[in-house]
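User: Could you take a close look at one part of this model for me? I'd like to start from a single helix and then see how the part fits into the whole.

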There are 2 protein chains.
Amino acid sequence: MKKNIVIIGGGPAGIITALTAKSVNPAKSVCVVKDIGAGVIPCAIPYTVSTIDNPRLNSASDQPLINAGIEILVDKAISLDIDSATVSLASGKDLSYDRLVLATGITPALPPVPGADTAGVYTIEKSLSSISMFKEKAHSAKNIVILGGGFIGAEFAEELSKGTDATVNVVEMMPKILYTAFDDEYCDIAGEQLSNLGVNLKLGIRATAIEGNGKVEAVTLDNGETLPADLVLAGVGGRPNIEIAKSAGLKISDRGSIWVDSYMRTSAHNVFAVGDCSLKRDFFTRQEVPVWLASTATSEARIAGTNLFQIRVLRQIQGTIAAFSTKLGDVCFASAGLTCRACDREGFRHVTGFSEAPDRHPGCLPGASAMKVKLVFADRAGTLMGGQICGGTSVGELVNAIAVGIQKQLNVRELDMMQIATHPLLTSAPTVHPFIESAHMALRKLREKS
Amino acid sequence: MKKNIVIIGGGPAGIITALTAKSVNPAKSVCVVKDIGAGVIPCAIPYTVSTIDNPRLNSASDQPLINAGIEILVDKAISLDIDSATVSLASGKDLSYDRLVLATGITPALPPVPGADTAGVYTIEKSLSSISMFKEKAHSAKNIVILGGGFIGAEFAEELSKGTDATVNVVEMMPKILYTAFDDEYCDIAGEQLSNLGVNLKLGIRATAIEGNGKVEAVTLDNGETLPADLVLAGVGGRPNIEIAKSAGLKISDRGSIWVDSYMRTSAHNVFAVGDCSLKRDFFTRQEVPVWLASTATSEARIAGTNLFQIRVLRQIQGTIAAFSTKLGDVCFASAGLTCRACDREGFRHVTGFSEAPDRHPGCLPGASAMKVKLVFADRAGTLMGGQICGGTSVGELVNAIAVGIQKQLNVRELDMMQIATHPLLTSAPTVHPFIESAHMALRKLREKS
């Protein structure tokens, strides 16, 4: 069987590559091969534990693909032959292509400790059946240990503490939760929110083993403590799915992702890779970074989908700015670009501005939350390098103003004088809006230095 | 008495000029002259009718000025002498300056019809006493007629319909409410929201007279109708307060504002003007426009405050992008830059993209609203010229991503591939976020054209 465009993978990267490719090339045939029939919206998986009553409500629909005239094959790609431009599928079928896009994703990692394969140790699988099963197990658990205090760990900790009667422990080897995305002050607020929900945080501590006879019973820690556990959830990163690519001879990056250029082209003729399986470079250093976000993946997918047959748009992937947001307890958090900690580690001279104000004006209006914005700029030059926010739900879109600013190399002097919309019921006051005011504070520091 | 920096006006423009000037020049003395002692947060005045229980909660505090070491004089400037660099005050005092900033605001216009000076016809005054008085009158009214269906008229219509037992009519001579800020489809949704609240909209209709013997009794319309009225509120624009400037010989713009250059300098030596009293140019045409927004005013204030003694930052005012937002009924609305209607009027070739999605993913999550985004780009070139949104409260910050994009001349090809943060509880899904998707739709149209 021959298709013009074949995409391996039905996650956000695969879907958006397919839709973009079909939109740009309406006359080409597009086929998505996915190994999970009943998929889910991946980012919302934590919320199927408690907030979303029935996991089925979190199903990912095939309808947008079908509406666009894209074919879907529920099958698994098992090998790739570059010379004949053919993918072999588990069903025995062969699929040849003019352009192939690998969007094979990652497999969540098991914790690197003895006993990680004991029954009762879970990672997050992206199928409806596995999340339904996890929900059932979680609701009968008495002692839950979450390994990893990143976004996955923190979001599950909240949902499990709210939705079940279990004691919930989070074990994180870094000194704070959400440590790669935020500076200390934001990590601390996030930690407080989880503590307020009754989650026990074990910070700066490593798990040394998972104990249990046929079934998980406890997790031992490097501080000597033993946590009883009848369910362990690992949110400790993942491993890109590169088997097909590797066997076919495609270039693999130092950290084990499929190497791609600025247009998501692999080292093989007419083969692209997008999403979690492909090499991620940092926006500022171009060094390889392990950032696996649907929003980065979909951006890559749009680049690949647009440029499959010709480079139509010169705007190539600039590297990930790691833009993300979440909500823990009553507080929403968002971050994009570099933290101060990352600047220090990478050797960037930087200056920060911080500002806080209610996100309504006056602050007595319904729905008001305190909004805190920290912006990080390049020292002297003043280029926006990163931002961190906490506050009410509007944080989720304000971070996108920061994301646009980073990608458009907004300068602190421009931002200080930028026009933004404000409204009593929707935002901070125009006189104190922390997006602008934090730039002003950074500019003041720059002035005092010079 | 001599001060280094004298600012006439205590609204957002005056306050931010003072704070910025003091921040940039800590050693200089700064004095704000304001004629209203107990001021209010101007944008929130409509909400003192119903949402904010006690108008006192909407007071504008002098504390930020006091904390910064800025002097406040409650007095009224009555004349300006450029040669001696002196302002004369109503109290008889003279105040000389090194730099003067006029932030004298506007006076709301009375409706241009016979009977406009009848008792019971109100405009919005920015003092605590006048808004308290208006609230009292509104709560005893039986028939309220609002002249003007712009932001002020629409916001008061909502609050008056929610907070009083009166019948509320809005008379707007344009075919829709919010007609200068939005294209028809958004105006219609806004109109529906007000209609649902029981507001009667009289669109495409002019008031011809206000009737009443010593006290307002009715408003006659050009369609022959007569609306009974015991309270009339006029939201029909305003007149910049330029008396002092004009008498002192400063250049006045064609439409009656204080003329300023790109750094908010007037035609007089060492005299600046900011906010509603100063000339506003459109960002795209540089033509004079009557846009009076606190967010534009504060942007100008930051430019003036930074550059009073030297031009320290070359980023000058680029013209207003008219960024604003509001909420009517259950729907939030926001707009920045040019509408299609304005493009047509001004002769800009343009292409639009539209996209709609729930602002949570999946859409069953709590707090979800339908978000509709329309973006306007320059035809062929693809430069972002404007955006309109309606949806939930996050609209209030998403418009600021659009505002940053307009001011940084974001291109549709860049936006189509931009990285943005998404989260199930806070935003649309990364696969369908209308901010990106509307760019994709516009790009598709551009492709089909070429």
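Analyst: Happy to! This is a predicted model, and a good place to begin is α9(A), a helix of 13 residues that reaches 18 Å from its first C-alpha to its last, close to the 18 Å expected at 1.5 Å a residue. The helix is mostly covered, as 13 of its 13 residues are buried. Just beyond α9(A), the backbone does something worth a look: A:Gln409 takes a positive phi of about 50 degrees. For background, most residues other than glycine have a negative phi.

What surrounds this helix? Part of the answer is the other chain. Across the interface, 69 residues of chain A are in contact with 69 residues of chain B. On chain A, the elements that each supply at least two residues to that side are α1 (12–24), α7 (294–306), β18 (324–328), β19 (331–337), α9 (395–407), α10 (412–416) and α11 (434–449). Among these, α9(A) gives the most, with 10 residues. By character, the side of chain A that touches chain B divides into 37 nonpolar, 22 polar and 10 charged residues.

The symmetry brings us back to your helix. Chain A can be laid on chain B by a turn of 180 degrees and a shift of 0.0 Å along the axis, with an RMSD of 0.0 Å. The two copies are thus related as by a two-fold rotation axis. Of the residues of chain A, A:Ala401 comes closest to that axis, its C-alpha lying at 1.9 Å, and residue 401 falls within the 395–407 range of α9. The copies meet through the same surface, because 99% of the interface residues of chain A are also interface residues in chain B.

A useful companion to α9(A) is α7(A), which is also on the list of interface elements. This helix has 13 residues and reaches 18 Å from first C-alpha to last, close to the 18 Å expected at 1.5 Å a residue. In α7(A), 13 of the 13 residues are buried, so the helix is largely enclosed by the rest of the structure.

Stepping back to the chain that holds both helices, chain A has 11 helices and 22 strands. Its radius of gyration is 23 Å, close to the 22 Å that the globule rule gives for 450 residues, so chain A is as compact as a globular protein of that length. The C-alpha trace spans about 65 × 60 × 40 Å along its principal axes, and 56% of the 450 residues count as buried. Of the contacts in chain A with a separation of 6 or more, 66% are between residues 24 or more positions apart. Chain A is divided into domain 1 (2–35 + 75–107 + 239–306), domain 2 (110–236) and domain 3 (330–449). The centres of domain 1 and domain 2 of chain A, taken over C-alpha atoms, are separated by 31 Å.

Finally, a few backbone details to look at while you have the model open. A cis peptide bond joins A:His361 and A:Pro362, with omega about 0 degrees, and A:Pro362 sits in the loop between β20 (350–358) and β21 (370–378) of chain A. In chain B, the bond from B:His361 to B:Pro362 is cis too, with omega near 5 degrees. B:Met264, not a glycine, has a positive phi of about 65 degrees and is buried, with 29 other C-beta atoms within 10 Å.

Notes:
Residues numbered from 1 in each chain as written. Chains lettered and ligands numbered in written order. Predicted model: local features only at pLDDT ≥ 70, side-chain atom pairs only at ≥ 80, totals over all residues. Contact = placed C-beta atoms within 7 Å. Helix = DSSP H or I, 4+ residues; strand = E, 2+ residues; numbered from the N terminus. Nonpolar A, V, L, I, M, F, W, Y, C, P; charged D, E, K, R; others polar. Least-squares fit on C-alpha atoms with pLDDT ≥ 70 in both. Rg over C-alpha atoms; globule rule 2.2 N^0.38 Å. Buried ≥ 20, exposed ≤ 12 C-beta atoms within 10 Å, placed from the backbone. Expected span 1.5 Å × (residues − 1). Domains from an automatic or database assignment.
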